[in-house]
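Please open the model in your viewer, with the protein chains and the DNA strands available as separate selections. The stops below say what to select next and what is found there.

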Number of protein chains: 2
Amino acid sequence: MNKKYTRGSFKLMKSMNRSIILNMIREQGPLSRADIAKYTRLTPPTVSNIVKELIEAEFVIETTQGASKGGRKPTLLEINADHFYIIGIDVGRYKMNLVVTNLFGQLKDSAELEIKENPTSEEIINTLQQGIHQTIECGNLPPDKFIGIGIGMHGIVDTTNGISLFAPSFGLHNIPIKEKLEKEFNMIVKVENDARTMTLGESWFGNGNEADNLVGVNVGHGIGAGVMINGRLFHGENSLAGEIGHVTIDLSGPKCTCGNYGCLQALAGGPAIAERAAKELKLGKSSLIRELVDDQLERVDGAIVYEAAKQGDVFSIELLHQTGRYLGVGLTNLIHTLNPKKIIIGGGVSKAGQFLMKGIEETIMSRGLTDQGRETLIVPSKLGEQASAIGACVLILEEFFSQK
Amino acid sequence: MNKKYTRGSFKLMKSMNRSIILNMIREQGPLSRADIAKYTRLTPPTVSNIVKELIEAEFVIETTQGASKGGRKPTLLEINADHFYIIGIDVGRYKMNLVVTNLFGQLKDSAELEIKENPTSEEIINTLQQGIHQTIECGNLPPDKFIGIGIGMHGIVDTTNGISLFAPSFGLHNIPIKEKLEKEFNMIVKVENDARTMTLGESWFGNGNEADNLVGVNVGHGIGAGVMINGRLFHGENSLAGEIGHVTIDLSGPKCTCGNYGCLQALAGGPAIAERAAKELKLGKSSLIRELVDDQLERVDGAIVYEAAKQGDVFSIELLHQTGRYLGVGLTNLIHTLNPKKIIIGGGVSKAGQFLMKGIEETIMSRGLTDQGRETLIVPSKLGEQASAIGACVLILEEFFSQK
DNA sequence: CATAATAGTTAATTAAATAAATTTATAAAG
DNA sequence: CTTTATAAATTTATTTAATTAACTATTATG
């Protein structure tokens with residue numbers, strides 16, 4: 001009774017074809033009408049009609065003439081990429097990362113927004129609103145071309161209503177982001193978890209290209225993943241899909257912040273790395289880290305271990321190698337549960353990707369069940385620090401390119 | 001370039017609506033044309049036209065007149081369930097379980113087929129063919145009403161081509177089941193992994209009802225799962241999705257048949273239970289099991305532990321309780337990765353469900369990350385031993401009820 | 001028995017794809 | 001140069017199948 005049926009109708013037929021054509025131009029353009037007809041198996045008049053509408057709506061433009069293949073030259077079509085701009089914001093623990101992209105995900109502007117210490121919900125909303133106002137009105141880009149705002153937010157998000165249900169690093173509940181921003185700016189606003197926006201960003205404009213089944217793993221303070229199935233983000237029943245930081249890999253492992261023992265995060269998250277480093281250093285091991293923190297071991301964190309490793313510190317390199325092995329176990333579990341085509345490693349810790357990758361690959365090779373499993377592609381993030389903010393833009397692009 | 005676009009067309013529109021109506025009658029029937037129009041928001045003439053076709057094709061029949069609600073009595077429509085029969089076969093380690101169902105998944109006939117020891121591919125095919133011939137021609141049911149054959153096969157299956165790529169308990173590779181059976185019987189044949197057919201069976205006719213995101217866990221000799229996402233089986237990139245038997249939950253756990261340490265299967269599979277029982281009994285623990293196997297500890301297997309537990313043996317009950325806790329860790333990992341609405345426990349070991357459930361629930365309660373996660377429904381299989389064979393029938397039903 | 005309400009059908013209309021024919025533009029052949 | 005073949009795109013006519021509106025059939029209710 002509760003199931004939603006999408007019935008066939010003229011409207012649906014039209015909107016499917018419009019969406020197919022628009023996306024085909026986006027992904028494979030520039031293309032001629034004839035090309036589109038050939039690839040989609042739609043007839044030329046159908047393509048021409050829809051293209052006419054898309055041009056009128058200024059979503060698509062005719063560009064150059066292509067080379068003739070023995071007859072009339074084709075008129076090539078392209079997305080009118082710079083006719084529309086999107087704001088994407090990644091709300092992190094200490095700051096917000098704001099970017100502006102066009103329809104091709106190309107970076108047009110960016111800014112960093114400071115978050116006050118122990119912010120209230122209102123302060124978070126205010127920071128967002130001020131940052132957005134400044135970006136739109138600074139004059140770099142025509143204000144009327146902004147069409148939507150996407151937010152990548154750490155913690156638990158109610159995507160339907162655009163509410164941050166729980167933001168652990170602020171200790172805040174129920175921030176009504178979508179409602180407030182839509183009222184203020186009168187454009188589409190979408191809110192999503194940041195591991196998911198990161199994955200979305202990589203999927204559209206990063207290293208995820210073409211993989212329909214894809215997992216993006218955000219390794220930072222915590223470990224979270226965005227799961228894409230059949231080319232769309234998958235949330236699961238209660239938005240818990242991809243909470244792989246709290247997958248148990250070692251029943252007798254160290255205690256996690258969640259109260260359990262042996263969670264992946266408790267072995268491979270940023271704080272876990274720092275803790276293991278400090279512990280071993282206390283036992284007297286020698287390492288460059290000592291110099292970097294002036295022997296104040298409480299100052300050790302993930303970034304410092306990475307810095308030391310970069311400078312060739314054997315102790316740190318081995319530490320990250322071991323972390324990679326732990327991560328590898330988590331990823332192997334992922335492969336044996338979801339079996340994605342590709343896994344993308346992003347987030348803060350992934351800066352140390354070079355040092356982690358070896359351990360990850362080793363473990364997957366040894367623990368993978370079949371050859372195919374072992375061949376799962378593990379790749380680093382391409383968009384790096386901006387993956388999540390760019391992915392937030394994709395929240396709007398998805399909407400733009402889906403139906404209308 | 002490689003993406004397949006489904007373009008909107010009149011054919012698609014029609015087939016969508018036909019499928020919606022057919023499925024609505026199946027799931028919610030008996031229904032009147034007017035009911036269907038109301039629920040689907042299709043107009044009465046559209047519904048009438050399609051229903052006319054469905055009646056002509058003998059997929060649907062008009063049954064009784066419903067009660068008037070203040071006007072003309074509705075003519076109720078039902079699936080012509082017994083006009084079509086489907087054969088489903090679950091190919092296990094020692095025998096095949098064959099069932100015949102109608103379009104409602106109601107059992108019409110069943111049989112057990114013996115598998116020779118160390119069978120060849122040809123012998124497997126022969127056994128299948130003989131069993132099917134016998135079933136069709138025995139006279140219980142009109143032979144011309146059989147429309148398809150579904151096979152649930154343990155091991156790794158190439159579903160596209162209907163080939164059993166690897167059947168570990170036979171040691172066989174590349175059994176071309178679909179090809180051989182289609183040639184012999186000239187009807188649709190579909191082959192799928194048995195954990196997946198089990199899940200499919202529960203989803204349509206068992207305890208999975210209405211959950212779009214569902215995992216069925218087959219706990220037996222090994223542990224495998226069928227993953228349903230958005231109401232459809234999910235295979236992953238290389239059919240490894242759901243191979244949760246080889247998810248690592250204890251880095252320092254016992255060795256698994258796959259060569260790694262601490263796989264779920266090595267802690268909670270049938271042989272693992274038997275091994276733990278034998279080991280502790282060797283240390284001198286007292287248990288009813290001793291009597292059941294005449295003190296020949298090498299005869300202990302999962303079934304015997306279950307038998308003892310049923311008879312109130314404290315040792316066995318505790319053993320299964322512990323097994324449940326291990327399973328619970330595996331399922332919690334599943335929840336934190338896929339977050340299904342429901343998890344169905346089936347397979348051989350699930351006969352001992354009552355003894356496992358407590359441990360499973362305990363663990364999920366203690367290890368679940370959020371309230372919602374902890375509330376994931378864990379339910380036992382409803383179809384029991386026949387789940388996989390009935391699910392094999394669903395492979396054909398899916399096809400029947402999808403488009404045409 | 002009249003009336004209102006529900007079920008279902010028939011006829012007319014409409015949206016949008018498809019098919020066929022035509023126009024436009026270009027390269028290559030003679 | 002002109003002709004011819006061919007590709008690109010548009011125009012016109014046709015077809016599919018949903019929708020709208022009008023109508024018939026049936027039944028409960030007052």
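Begin by selecting H1(A), from which comes the largest share of the surface near DNA strand C, four residues; helices (H or I, at least four residues) and strands (E, at least two) are DSSP runs numbered from the N terminus. This is a predicted model, in which local features need pLDDT of at least 70 and side-chain atom pairs count only at pLDDT 80 or more, while totals for chains, interfaces and linings use all residues. Residues are numbered from 1 along each chain as its sequence is written, chains are lettered from A and ligands numbered from 1 in the order in which they are written, and side-chain values use heavy atoms, with hydrogens and water left out.

**Around DNA strand C**

Extend the selection to the 29 residues that surround DNA strand C, of which the closest are Phe10(A), Thr46(A), Ser48(B), Arg72(B) and Thr75(B); a residue is near a strand if one of its heavy atoms lies within 4 Å of it. Of the atoms of DNA strand C that come within 4 Å of the protein, 70% belong to sugar and phosphate. The surface near DNA strand C is made up of nine nonpolar, 12 polar and eight charged residues, where Ala, Val, Leu, Ile, Met, Phe, Trp, Tyr, Cys and Pro count as nonpolar, Asp, Glu, Lys and Arg as charged, and the others, Gly among them, as polar.

Next, display the polar contacts, each a pair of N or O atoms within 3.5 Å. At Ala34(B), a polar backbone atom is 3.0 Å from a phosphate oxygen of DNA strand C, whereas at Gly70(B) the partner of a polar backbone atom is a base nitrogen of the strand, at 3.2 Å. Moving to Arg72(B), one finds a backbone N or O atom 2.8 Å from a base oxygen of DNA strand C. Two or more residues of the surface near this strand are given by each of helix H1 (10–28) and helix H3 (44–56) of chain A, together with H2 and helix H3 (44–56) of chain B.

**Around DNA strand D**

Now select DNA strand D and the 29 residues around it, among which Ser48(A), Thr75(A), Phe10(B), Thr46(B) and Arg72(B) come nearest. Which helix gives the largest share of the surface near DNA strand D? That share, four residues, comes from H1(B).

Center on Ser48(A), where an N or O atom in the side chain is 2.5 Å from a phosphate oxygen of DNA strand D, and then on Ala34(A), where a backbone N or O atom lies 3.0 Å from a phosphate oxygen of that strand. Returning to Arg72(B), a polar backbone atom is 2.8 Å from a base oxygen of DNA strand D.

**H1 and H2 of chain B**

Select residues 10–28 and 33–40 of chain B, helices H1 and H2, which pack at an angle of about 110 degrees with their axes 11 Å apart; axes are lines fitted to C-alpha atoms, for helices over the stretch in contact, and angles run from 0 to 180 degrees between N-to-C directions. That angle makes H1(B) roughly perpendicular to H2(B), a term for angles of 65 to 115 degrees, with those under 35 counted as roughly parallel, those over 145 as roughly antiparallel and the rest as oblique. The contact (heavy atoms within 4.5 Å) is made by Ile20(B), Ile21(B), Met24(B), Ile25(B) and Gln28(B) of H1(B) and by Ile36(B), Tyr39(B) and Thr40(B) of H2(B). These residues divide into six nonpolar, two polar and no charged.

**Loops with particular backbone geometry**

Step to Gly29(B) and Pro30(B), which are joined by a cis peptide bond with omega about -5 degrees; Pro30(B) sits in the loop between H1 and strand S1 (31–32) of chain B. In chain A, a cis peptide bond joins Gly29(A) and Pro30(A), with omega about 0 degrees. Then go to Glu58(A), a residue other than glycine with a positive phi, near 65 degrees, placed in the loop between H3 and strand S2 (60–65) of chain A.

**H8, H11 and H12 of chain B**

Finish with H11 (residues 314–335) and H12 (residues 353–367) of chain B, whose axes come within 6 Å and cross at roughly 45 degrees. That makes H11(B) oblique to H12(B). By class, their contact has 10 nonpolar, seven polar and four charged residues. Adding H8 (residues 270–282) of chain B shows a crossing with H11(B) at roughly 135 degrees, the axes coming within 11 Å.

How values were computed
Polar contact = N/O pair within 3.5 Å; in protein donor to acceptor, adjacent residues only side chain to side chain.
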